[in-house]
Amino acid sequence: MPLDPRLRAALRIPAAEIADESAYRAFRGERRRLLGALASAPAFALAGCDTAAPPPPAARAKLDPALVARGFATDEEPTRYEDATTYNNFYEFGTGKADPANAAKTLRTRPWSVAVSGECAKPGTLDLDALLKGLTVEERIYRMRCVEGWSMVIPWLGVPLGEVLKRFEPTSKAKYVAFTSLADPEQMPGVRYDSIDWPYREGLRIDEAMHPLTLLATGLYGKTLPQQNGAPLRLVVPWKYGFKGIKSIVEIRFVEALPATAWNQLQPQEYGFFSNVNPDVDHPRWSQASERRIAGSASKLFAERIPTRLFNGYADQVADLYTGMDLRQWF
Ligand code: MTE
């Protein structure tokens, strides 16, 4: 995720390297000032964007099972395994695309459990190995679209998130689902840097979380998920920009109010809560109308540019979720 150059300088300083507390406070203050300036700069203002107000209630989606099933299949050329596992965003291991593949080997993925709490009748712990025994792991080939303008086609292995969430019996107060990643500076060197307000957080509206396309991924290309791709458990929401796919999840909470998310907190004018792929809603600093498809032997830099489709091509399956919502306002 590229940061504005004005922010980059302020954010790159690792907090842990500022020894003196007053210097650290000054650094935090400067960072906040820069974020504030960025937010109020005219180039970044988006008309009608009010992230503080809750979004309108969910439309009642009428899902045709045949359409949903079709969403799992694509005949598009897949991305090479080498590319999908070496060109990653995982800021806990650095901000460069190659950093996660180089640095994430230190992440211990067993034992692993996820705490599930909040507005549900049966809060508890999700044990990864028990989960994998109790549910069928499916393979689904999804188009993935990154907000930075590139896209991939990846065969994921995973279980439908909704199947997992149902076990905890969410109540009628569970309007959203909030996810949190591990943030362990011992295993994750990037957490020492103030690039994100750790831990990495994401959220979905409950109907998005329960939608059959939403996957809790445990693998890719028929193999166990490599650390750099979010092992042992990450979210895959194929109609949304890639940053919604939170990695290495340790906590899931059912909540009533719109949850905070990492990128929205950092740059609310650039990253909305919904983050649905939409060629008609540009990022304030670049167009979202086309994408560089990294597939087959295409090089990462000169991959073919193709038009981006609404909801990343999954409109038949998900457009109903947003009936009556202005997608420019709720970007
Ligand atoms: N999850 C965590 N915990 N930390 C991150 O930095 N980056 C996000 C998302 N999930 C990120 C994360 C972004 S910006 C993208 S594009 C996708 O992961 C990238 O997933 P991939 O590396 O498997 O392609």
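Helices (H or I, at least four residues) and strands (E, at least two) are DSSP runs, numbered from the N terminus. The model is predicted: local features need pLDDT of at least 70, side-chain atom pairs count only at pLDDT 80 or more, and totals for chains, interfaces and linings use all residues. Residues are numbered from 1 along each chain as its sequence is written, and side-chain values use heavy atoms, with hydrogens and water left out.

**Stop 1: the loop at Pro111.** Select Pro111, in the loop between α5 (99–103) and β1 (113–118). The peptide bond that leads from Arg110 to Pro111 is cis, with omega near -10 degrees.

**Stop 2: the loop at Pro199.** Next, select Trp198 and Pro199, whose connecting peptide bond is cis, with omega near -5 degrees. Pro199 belongs to the loop between β5 and β6 (201–205).

**Stop 3: Tyr221.** Proceed to the loop between β7 (215–220) and β8 (223–224), where Tyr221 is located. Although Tyr221 is not a glycine, its phi is positive, at about 50 degrees.

**Stop 4: an aromatic pair.** Rings of Phe, Tyr and Trp (its six-membered ring) pair if their centres lie within 6.5 Å; planes under 30 degrees apart count as stacked, over 60 as edge-to-face and the rest as tilted. The count by this rule is 11 aromatic pairs. Select Tyr176 and Phe273, an edge-to-face pair with 5.8 Å from centre to centre and 90 degrees between the planes. Because Tyr176 lies in strand β5 (residues 176–181) and Phe273 in the loop between α9 (262–266) and β11 (290–293), the pair ties together parts 97 residues apart in sequence.

**Stop 5: the ligand.** Now select the ligand and the 16 residues around it (a heavy atom within 4 Å). Among these residues, Asn88, Tyr91, Glu92, Gly245 and Lys247 come nearest. The shell divides into seven nonpolar residues (Ala, Val, Leu, Ile, Met, Phe, Trp, Tyr, Cys and Pro), three charged (Asp, Glu, Lys and Arg) and six polar (the others, Gly among them).

Three polar contacts (pairs of N or O atoms within 3.5 Å) can be displayed here.

- Asn88: a polar side-chain atom lies 2.8 Å from an oxygen atom of the ligand.
- Asn89: a backbone N or O atom lies 3.3 Å from a nitrogen atom of the ligand.
- Tyr91: a polar backbone atom is 2.7 Å from an oxygen atom of the ligand.

Taken alone, the ligand exposes 530 Å² (Shrake-Rupley method, 1.4 Å probe), of which the protein buries 97%.

Conventions
Polar contact = N/O pair within 3.5 Å; in protein donor to acceptor, adjacent residues only side chain to side chain.
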